[in-house]
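User: I have a structure I have not seen before. Please show me how to read its features.

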Amino acid sequence: RVLDVDPEKQKISLGLKQLQPNPWELLETKYPVGSRIHGKVRNITDFGAFVEIERGIDGLIHVSDMSWTKRFVNPRDILKEGNEVEVIVLSIDTENQRVSLGLKQVEPDPWLKVPEKYKVGTTVSGEVVNLTDFGAFVRLEEGVEGLIHISELDEKHVETPGEVVSEGDSLNMKVISIDAIERRIGLSLRAYKQEQERTSIKRYLAEQKQEAPTVGALIKEARGENQSKN
């Protein structure tokens, strides 16, 4: 195809690729936003991974679109070059020849159901997965973790979380706060222990009340002793 003619310099510019349709102009039709596609990871960088959609066209999975739950992601911990992956098309910029892909969007966001499942005041169970200076992170389910702040580990003062819990421990706790937007759940081991103590005391008092003799029973017992004496 003739692209340009320069009579002065006696030059004619020709194009071979122009005889074929521009693949970028067909992308939006072939891969509409929201569609699922498979591709091979060609290159991994600190900010994401490039996935080959088709020959000559790569899309980018930005690091922020790799995990629903992990705040700080190293792309190399999640993907390897040469991996076949399923991704969601997030956007297509034909003019700048850019395609944005999402890896985390393949699965539903687990936090969508968190406010309903983990209401404040409910008792939950989970496994301690990480200890920090300020508390212990507990996995409630795959993709959902909560934090027991060091002040919520015990009634007494705690210097380090390791004094009370260890990684791998299975715990029952109370939900004391939830922020679905910031993806944070506040948990309390102290509140759970206090509730258990109150329940034990109530049960003990109820049992004592049942076992304690009534006034009527004491009168009958006294009368019975008097009659036996007579």
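Analyst: The turns below go through cores, strands, salt bridges and a buried charge.

Analyst: This is a predicted model, in which local features need pLDDT of at least 70, side-chain atom pairs count only at pLDDT 80 or more, and totals for chains, interfaces and linings use all residues. Residues are numbered from 1 along each chain as its sequence is written, and side-chain values use heavy atoms, with hydrogens and water left out.

User: Which residues have the most contacts inside the largest nonpolar core?

Analyst: A nonpolar core is a set of buried Ala, Val, Leu, Ile, Met, Phe, Trp, Tyr and Cys residues joined through side-chain atoms within 4.5 Å. Buried means under 20% relative accessible area, exposed means over 50%, and partly exposed lies in between (1.4 Å probe, protein chains only). Here the largest core has 21 residues, and Ile61, Leu79 and Leu101 have the most contacts inside it. At least two residues of this core come from each of helix 1 (23-30), strand 3 (36-45), strand 4 (48-54), strand 5, strand 6 (84-93) and strand 7 (98-102). Strand 6 gives the largest share, four residues. A second, separate core has 20 residues, among them Val144, Ile150, Leu153 and Met173. Helices (H or I, at least four residues) and strands (E, at least two) are DSSP runs, numbered from the N terminus.

User: What is Leu79 in contact with, beyond its neighbours within four places in sequence?

Analyst: Contact means heavy atoms within 4.5 Å. With those neighbours left aside, Leu79 touches Val41, Ile44, Ala49, Ile61, Met66, Val85 and Leu103.

User: In which sense does strand 12 pair with strand 10, and in which with strand 11?

Analyst: Two strands pair if DSSP finds at least two bridges between them. Strand 10 (residues 144-149) pairs with strand 12 in the parallel sense over two bridges, while strand 11 (residues 170-179) pairs with strand 12 in the antiparallel sense over five. Leu187 in strand 12 has Ile148 opposite and also Val175 opposite. Strands 11 and 12 form a hairpin with four residues between them, and Arg183 in the turn has a positive phi of about 60°. Strand 12 (residues 184-188) is largely enclosed by the rest of the structure, because four of its five residues are buried.

User: How many salt bridges does the structure hold?

Analyst: A salt bridge is a side-chain nitrogen of Lys or Arg within 4 Å of a carboxyl oxygen of Asp or Glu. The structure holds 13. In one of them, Arg183 meets Asp109 at 2.5 Å, N to O. Arg183 lies in the loop between strand 11 and strand 12 and Asp109 in the loop between strand 7 and helix 3 (114-117), so this pair ties together parts 74 residues apart in sequence. Arg183 is partly exposed at 25% relative accessible area, whereas Asp109 is buried at 11%. Another joins Glu54 and Lys30 at 2.7 Å, N to O. That pair links distant parts of the chain, with Glu54 in strand 4 and Lys30 in helix 1, 24 residues apart. Arg42, Glu52 and Asp58 are linked in a network of salt bridges.

User: Where does Asp65 lie, and which side chain of opposite charge is nearest to Asp65?

Analyst: For charge, Lys and Arg count as positive and Asp and Glu as negative; His and the chain ends are not counted. Asp65 lies in the loop between strand 5 (57-62) and helix 2 (75-78). Asp65 is buried yet has no salt bridge, and the nearest side chain of opposite charge, Lys104, is 4.3 Å away.
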